[in-house]
Amino acid sequence: MNLEILANIENCTDDSLHSFIFNQKSKPLAALANVLQKLIPHGTPLSLEVGEVFPLGMNKEEQKIVILDEGITSFCHAKSQRQLCAIFAPTLLGLIDSYARTYEVSEWPHHYLVAETRCKGYSILLADFIRLSDELNLWHDIARILAQRLMVMSAREQELVGVDSYLKVRALLIEISIYPDAYRQQINIMSFIQRRTGLSKSRIMKILSELKKGGYISIDNGKLVDMKKLPAAY
């Protein structure tokens with residue numbers, strides 16, 4: 001785990017089960033290390049600049065698995081263009097779309113990646129990934145990676161689905177506060193929250209304004225500078 005993220009988690013005053021904190025603490029690092037170590041020699045080097053989009057594949061022959069070795073990327077819905085979450089290296093991406101391609105699911109939510117920082121890694125064609133996973137006996141570790149992601153999705157659903165707009169904003173503010181400083185300083189809070197929730201700018205602005213008035217957050221030029229423990233309800 002990134003040492004700065006770990007320090008920020010330790011300093012976090014929120015005592016709820018936050019999906020980003022849970023994700024970082026429960027990340028199956030040993031399984032990821034084994035899978036990445038064995039797949040990297042067979043991958044094609046990948047480098048993305050900030051804001052660059054990387055499609056995971058438009059058809060079965062082009063479908064790719066991505067190994068993110070350095071950097072942070074957003075995982076996005078292709079249809080709505082909503083950014084679902086920020087993904088920190090090291091990680092393996094593209095497994096959901098690859099399942100759909102492999103088993104010829106007729107309809108599914110396609111995804112793509114957007115680099116939030118400079119990213120480095122490798123891409124592997126789906127057919128090669130499946131073959132190598134069989135040959136190198138990687139499926140047990142891949143199952144661990146996917147099981148952990150299901151738990152994170154459950155925690156995230158609790159934060160963002162069926163809750164009021166304040167709780168959605170609150171959850172994302174806590175997440176931003178834990179990011180490394182260099183990354184957090186690049187984030188415009190308004191844009192970040194809107195891309196992930198679909199809330200109106202006026203509603204987000206009202207909540208942020210009230211939190212600023214209450215002394216809970218400090219914002220400079222759209223960036224989160226400081227944050228105290230946020231109220232549990234609006």
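**A friendly note on helices, sheets and cysteines**

1. Let's start at the end of a helix: Gly162, just after H6, takes a positive phi of about 75 degrees. Please keep in mind as you read that this is a predicted model.

2. Now look at H6 itself. How does the span of helix H6 compare with what its 22 residues should give? Helix H6 covers residues 139–160, and at 1.5 Å a residue it should span 32 Å. The C-alpha atoms at its ends are 31 Å apart, which agrees.

3. Next, see which way the side chains of H6 face. Its buried residues are Asp141, Ile142, Ile145, Gln148, Val152, Ala155, Arg156, Glu159 and Leu160. Viewed down the axis of H6, these buried residues fall within an arc of 140 degrees, so they line one face of the helix. A general rule helps here: an α-helix has 3.6 residues a turn, so residues three or four places apart point the same way. On the face of H6 turned away from the buried side you will find the exposed residues His140, Leu150, Met153, Glu157 and Gln158.

4. On to the strands. One open sheet has four strands in the order E1-E8-E3-E6, with antiparallel pairing. Which strands stand at its edges? They are E1 (44–48) and E6 (91–93); each has a single partner strand, so one side of each is left without a neighbour in the sheet. From one strand to the next, the twist averages 30 degrees.

5. Within that sheet, try tracing one pair. Strand E3 (residues 64–70) pairs with E6 in the antiparallel sense, over three bridges. Leu68 stands opposite Thr91 in E6. Helix H5 (residues 126–135) packs on the sheet and touches E3, E6 and strand E8 (119–125). The direction of H5 makes about 80 degrees with that of E8.

6. There is also an open sheet of four strands with the order E2-E7-E4-E5, again with antiparallel pairing. Strand E2 (53–55) and strand E5 (83–88) are at the edges, each with a single partner strand, so each has one side without a neighbour in the sheet. Neighbouring strands here are turned by 30 degrees against each other on average, direction ignored. Strand E4 (residues 72–77) runs antiparallel to E5, and five bridges join the two. In E5, Cys85 is the bridge partner of Phe75.

7. That brings us to the cysteines. Why is there no disulfide between Cys76 and Cys85? The sulfur of Cys76 has its closest cysteine sulfur in Cys85, 8.6 Å away, which is too far for a bond. The cut-off is that the two sulfur atoms lie within 2.5 Å, and by this rule the count comes to zero disulfides. Are these two cysteines buried or exposed? Cys76 counts as buried because its relative accessibility is 0%. Cys85, at 19%, counts as buried too, since the cut-off for buried is under 20%.

8. Finally, a hairpin to look at. Strand E9 (residues 217–220) and strand E10 (residues 223–227) pair in the antiparallel sense over four bridges. Asp220 has Lys223 in E10 as its bridge partner. The hairpin of E9 and E10 has two residues between the strands, and Asn221 takes a positive phi near 55 degrees in it. As a general point, strands of a sheet pair through backbone hydrogen bonds, either parallel or antiparallel.

Technical notes
Residues are numbered from 1 along each chain as its sequence is written. This is a predicted model: local features need pLDDT of at least 70, side-chain atom pairs count only at pLDDT 80 or more; totals for chains, interfaces and linings use all residues. Side-chain values use heavy atoms; hydrogens and water are left out. Buried means under 20% relative accessible area, exposed over 50%, partly exposed in between (1.4 Å probe, protein chains only). The expected span of a helix is 1.5 Å times one less than its number of residues. The arc is that of the directions from the helix axis to the C-beta atoms. Two strands pair if DSSP finds at least two bridges between them. Axes are lines fitted to C-alpha atoms, for helices over the stretch in contact, and angles run from 0 to 180 degrees between N-to-C directions. Contact means heavy atoms within 4.5 Å.
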